[in-house]
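Thanks for coming. I have one structure to go through today, so please have it open while I talk.

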Protein chains: 2
Amino acid sequence: MTNIKDIAKMAGVSVSTVSRVLNNHPYVSEEKKEAVLRVIEGSNYQRNINAVHLSKGATQLIGVVIPFSNHPYFGLLIEGIANEAVKYNKKLVLFQTNYEENREIEALEMLQHKQIDALIICSRICGWEMINEYRSYGPIVLCEDSRGHNVSSTFIDHYKTFFKALEYLHNRGHHKIGYCIGRNSGANSELREKAYRDFHLKVKKHIEPKYIFIDCFNFVDGERVVKSLMKLSDPPSALLVTSDQVAAGILTCCKEQNILIPNELAIMGFDNQPIAKMMNITTLEIPLIEIGKKLFLQAIQQTNQFHEEIVVKLIERGTV
Amino acid sequence: MTNIKDIAKMAGVSVSTVSRVLNNHPYVSEEKKEAVLRVIEGSNYQRNINAVHLSKGATQLIGVVIPFSNHPYFGLLIEGIANEAVKYNKKLVLFQTNYEENREIEALEMLQHKQIDALIICSRICGWEMINEYRSYGPIVLCEDSRGHNVSSTFIDHYKTFFKALEYLHNRGHHKIGYCIGRNSGANSELREKAYRDFHLKVKKHIEPKYIFIDCFNFVDGERVVKSLMKLSDPPSALLVTSDQVAAGILTCCKEQNILIPNELAIMGFDNQPIAKMMNITTLEIPLIEIGKKLFLQAIQQTNQFHEEIVVKLIERGTV
DNA sequence: TTAATTTATGAAACGCGTTTCAGAGCAAGG
DNA sequence: CCTTGCTCTGAAACGCGTTTCATAAATTAA
């Protein structure tokens, strides 16, 4: 293996000069530059990237934490991050956590050890203390409102969005509104729950726990929801579903069961994924690719942390 | 920043001894070991992982090449790879190529530069020459039949599978069979096309190009297929759909258009994803999680390359 | 008891590129 | 003519852990 020293010797210059040529630094005379390049082409020199990393203390690697890979929500988010990463010649290290805290800590430790230059956490399970503990080792970016904490974020105001959606349904005559969600804990879920509670306080209704469905992630989860709904003596007239995939599943299952949409059950999805358009599902648009892009840019940003709220648009279609 | 030298000095031993303790090498006396560990706990020493990489010439990073992130096929594959990676304490570097060859070459170059220890290519765009060129730098593993080439693989015999599926449909009285596929080039697609051609030769029918639909990746692509079908004066009576997602989309759209399944159109999916079970779609089971697992194991395997064929099971349900 | 192992330890070599610092040479400005 | 200020270059320091090799000491085998 030839290294930079060999090249220097062969080209009759110092290693500094070779390094300058390699990194396109100024102040190298044209003749020496050419000599070096000629020698490099003649040899099969390959820069040892790990030596570069050691020397520079950076790896051009950005960590991305997601709970699952096989979900369109995270798939799109990654798509957005990856598209942008290509432009900046950064690579992504994927941490699939399955919501196990240890996996998340491993990612944070890689930040600490400088094996990754920054960390994007798309969905968090660990506490703020943990985030703060590792904050000093490199940029951490979150996909949730982190104002007041010491890290950048691109986020949806889930409280506001959920509240608005509830009001929208209420204004259209729905007084029994349920919702479907993925996790029942987690920052975003808790904001939504709070919005749900506050909304019920405002309209002076009490909450019916049977109208809340957790563990709703995928298309197929819609079936379970519909089956549960059918068992209720007094079912909700509208459902806020925090994923278009689940909404599509519910819609499909309802059609099979001859439950009329939106008359017997109104459905409002989330995300505005292609499936929502195709199935004419009323939904709240969450531009995941764009969010992914912004998360990435925040991750490589060297200056102060900042926060970017993404505004959610209501897309009116045929299921409400 | 304290380094191994500082620790050695503080513990009154040599750096070699500290390194031995750090790596659990034998031949360190209990007392020195404890002394070192005490000093390490007292300081906030963090091993510089990039120095370890430089020294060892390995990074515990495995590259994974996929075309898109937001597709259940690749999502599940990654899920399988990631689940296994956790067990071996390896991390994954994701290369989303969008089927751009340059992205793939970047991944191969990272293998060459030893920034990753091995590379799993889930769907390939570059040629065999390219693979062979980089083969010597580290294990490359493919998700396609690579027998005869110098790399390990876990694969489906797509020719055999496609042929069998065609025969199955044929035996059930279908004489006009079309198919939907993602790419029209690519190793697996070509095998399928060949099976399709050979099958038609065997049953002495000529091929109707209008029965072939490309660019079918997602649920929503099903709509396009159905709309095209409806325009045909002599539509196929059965469709082989190389993704359950697309099959589900076609099924959903057919129901809307009152096309009876399987009477007017038989549909056979691929993958046996949860959605196929839910929508009662006849399909060919491809155990993606398991394939992912095997791909990973082949990637970290140090010995000779080997090939593992995954057998595809037909799951009979209600769409044929 | 002597030879052969095994255990234990440190010095030094090895992996390698980047960057700072010091200095030489030359051109422009005053 | 002298002073600044670039341009160019190389030596040396810096980032840091792993592993080999030589050696000493302690056991075990013969």
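Start where the two protein chains meet as strands: β2(A) and β2 of chain B, residues 91–96, pair in the antiparallel sense over three bridges. Within that pairing, V93(A) faces V93(B) in β2(B). Bear in mind throughout that this is a predicted model.

Now the rest of that contact. Chain A puts in 36 residues, and chain B puts in 36 residues. On the side of chain A that touches chain B, two or more residues come from each of α4, α5 (72–87), β2 (91–96), α6 (101–112) and α12 (274–278) of chain A. Which element gives the most to that side? It is α5(A), with seven residues. Sorted by class, the side of chain A that touches chain B has 17 nonpolar, 14 polar and five charged residues.

Next, α4 of chain B. The residues I49(B), N50(B) and H53(B) in this helix are buried. Seen down the axis of α4(B), the buried residues fall within an arc of 100 degrees, so they line one face of the helix. The general point is that an α-helix has 3.6 residues a turn, so residues three or four places apart point the same way. The cover over the buried residues of α4(B) includes α4 of chain A. After α4(B) comes G57(B), with a positive phi near 70 degrees.

That brings us to the DNA. Strand C is surrounded by 27 residues, and the closest are N3(A), I4(A), A51(A), S14(B) and S16(B). From chain A, α1 (4–11), α2 and α4 each supply at least two residues of the surface near strand C, and from chain B, α2 and α4 do so. By class, that surface has twelve nonpolar, eleven polar and four charged residues.

Strand D is also surrounded by 27 residues. Here the closest are S14(A), S16(A), I4(B), N48(B) and A51(B). The elements that each supply at least two residues of the surface near strand D are α2 (15–22) and α4 (49–56) of chain A, together with α1 (4–11), α2 (15–22) and α4 (49–56) of chain B. The classes there come to twelve nonpolar, eleven polar and four charged residues.

Now chain A as a whole. Chain A has 13 helices and twelve strands. How does its radius of gyration stand against the globule rule? The radius of gyration of chain A is 26 Å, well over the 20 Å that the rule gives for 320 residues, so chain A is more spread out than a compact globule. Its C-alpha atoms fill a box of roughly 90 × 40 × 30 Å along the principal axes. Of the 320 residues in chain A, 48% count as buried. Among contacts in chain A with a separation of 6 or more, 69% are between residues 24 or more positions apart.

Last, a sheet in chain A. This is an open sheet of six strands with mixed pairing, in the order β7-β6-β8-β9-β10-β12. The edges are β7 (212–213) and β12 (313–315) of chain A, each with a single partner strand, so one side of each is left without a neighbour in the sheet. Inside the order, β9 (residues 266–271) and β10 (residues 283–285) of chain A pair in the parallel sense over three bridges. In that pair, F270(A) stands opposite L284(A) in β10(A).

That is the end of my walk through.

Definitions and conventions: Residues are numbered from 1 along each chain as its sequence is written. Chains are lettered from A and ligands numbered from 1 in the order in which they are written. This is a predicted model: local features need pLDDT of at least 70, side-chain atom pairs count only at pLDDT 80 or more; totals for chains, interfaces and linings use all residues. A residue is near a molecule or strand if its C-beta atom, placed from the backbone, lies within 6 Å of it. Helices (H or I, at least four residues) and strands (E, at least two) are DSSP runs, numbered from the N terminus. Ala, Val, Leu, Ile, Met, Phe, Trp, Tyr, Cys and Pro count as nonpolar, Asp, Glu, Lys and Arg as charged, and the others, Gly among them, as polar. Two strands pair if DSSP finds at least two bridges between them. The radius of gyration is taken over C-alpha atoms; the globule rule is 2.2 Å times the number of residues to the power 0.38. A residue is buried if 20 or more other C-beta atoms lie within 10 Å of its own, exposed if 12 or fewer, and partly exposed in between; C-beta atoms are placed from the backbone. Two residues are in contact if their C-beta atoms, placed from the backbone, lie within 7 Å. The arc is that of the directions from the helix axis to the C-beta atoms.
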